Amino acid sequence: MKAKETKFEKYMKFWYGISGPLDEQKRQVMNQIGNRAFFIFFLGMDVAFLISLVLFSMYKADVAYLFLSGSFFVMLMPVNLYIMQQSRKARLTDNEVEKDELPEAKKAAWTKGMISGAIFGILMLILEFLTSYSDGSWTWIMIPTCLISGVFFGIFMSLIAVHRIKVVKDED
């Protein structure tokens with residue numbers, strides 16, 4: 001009997017780009033990548049914290065806070081790039097399917113990509129409305145612009161998901 005996937009496992013599969021089942025080997029590789037990424041982030045933030053202490057002693061607390069919060073977001077980029085590169089290198093992102101399951105996998109990839117595009121377009125529309133309505137720069141042309149960009153994003157995500165599908169060859 002197969003155990004049901006927890007919400008945390010679904011989130012981790014989403015974060016690492018794993019679309020197939022999460023077996024023990026993939027889980028081990030995922031944990032190794034996550035541990036290394038944590039230490040890269042932790043060491044970088046240690047250095048940023050020490051620099052912010054020096055800034056706090058030399059300047060105002062606002063400068064130290066600004067530097068520390070800015071370095072947090074700057075450190076997220078190399079950590080995310082590291083996770084993406086190592087996941088691709090370890091072939092965690094490949095969606096391995098049987099030859100007879102290929103049409104269903106492609107259909108599921110297109111559906112998932114278009115749903116993510118629709119969510120992206122709607123969230124972009126809401127964010128655009130919230131940021132531009134208060135200063136009076138909101139125009140109705142932003143609605144089709146955001147929705148069209150959501151469609152293009154969905155197509156792009158669908159193409160990536162279809163590209164990740166790999167057909168498993170039978171070893172008879």
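Reader: How many residues does helix 5 have, and what reach is expected at 1.5 Å a residue?

Author: Helix 5 has 22 residues, and 32 Å is expected. From first C-alpha to last, helix 5 reaches 31 Å, close to that figure. The expected span is 1.5 Å times one less than the number of residues. Helices here are DSSP runs of H or I with at least four residues, strands are runs of E with at least two, and both are numbered from the N terminus.

The model is predicted, so local features need pLDDT of at least 70 and side-chain atom pairs 80 or more, while totals for chains, interfaces and linings use all residues. Residues are numbered from 1 along each chain as its sequence is written, and side-chain values use heavy atoms, leaving out hydrogens and water.

Reader: Which residues of helix 5 are buried?

Author: M142, C146, G150, G154 and S158 are buried. Buried means under 20% relative accessible area, exposed means over 50%, and partly exposed lies in between (1.4 Å probe, protein chains only).

Reader: What puts these buried residues on the same side of helix 5?

Author: They cover an arc of only 140° around the axis, so they share one side of helix 5. The arc is taken from the directions between the helix axis and the C-beta atoms. The buried residues of helix 5 pack against helix 4. Contact means heavy atoms within 4.5 Å. On the face turned away from the buried side sit the exposed residues F152 and H163.

Reader: Why is L147 called partly exposed?

Author: L147 has a relative accessible area of 40%, so it falls between the two cut-offs. L147 lies in helix 5.

Reader: What makes the nonpolar surface patch that includes L147?

Author: I115, I119, I122, L123, I126, F129, L130 and Y133 join L147 in a patch of about 890 Å². Patch residues have over 30% relative accessible area and no salt bridge; nonpolar side chains (Val, Leu, Ile, Met, Phe, Trp, Tyr) are joined within 5 Å, like charges within 9 Å. Areas come from the Shrake-Rupley method with a 1.4 Å probe; for residues, only the protein chains shown count as cover. Helix 4 (residues 102-132) gives the largest share, seven residues.

Reader: How do you know that E9 and R27 form a salt bridge?

Author: Their closest N and O atoms are 2.8 Å apart. A salt bridge needs a side-chain nitrogen of Lys or Arg within 4 Å of a carboxyl oxygen of Asp or Glu, so the pair qualifies. A search of the whole structure finds one salt bridge. E9 lies in helix 1 (residues 7-16) and R27 in helix 2 (residues 24-58), so the pair ties together parts 18 residues apart in sequence.

Reader: Are E9 and R27 buried or partly exposed?

Author: E9, at 18%, is buried. R27, at 26%, is partly exposed.

Reader: Why is S52 called buried?

Author: The relative accessible area of S52 is 5%, so S52 meets the cut-off for buried. S52 is in helix 2. Leaving aside residues up to four places away in sequence, S52 touches A64, F67 and L68. A64 is one of the buried residues of helix 3. The buried residues of helix 3 pack against helix 1 and helix 2.

Reader: What is the sign of phi at R91?

Author: Phi of R91 is positive, near 60°, in a residue other than glycine. Most residues other than glycine have a negative phi. R91 is in the loop between helix 3 (61-89) and strand 1 (95-97). With a relative accessible area of 51%, R91 is exposed.
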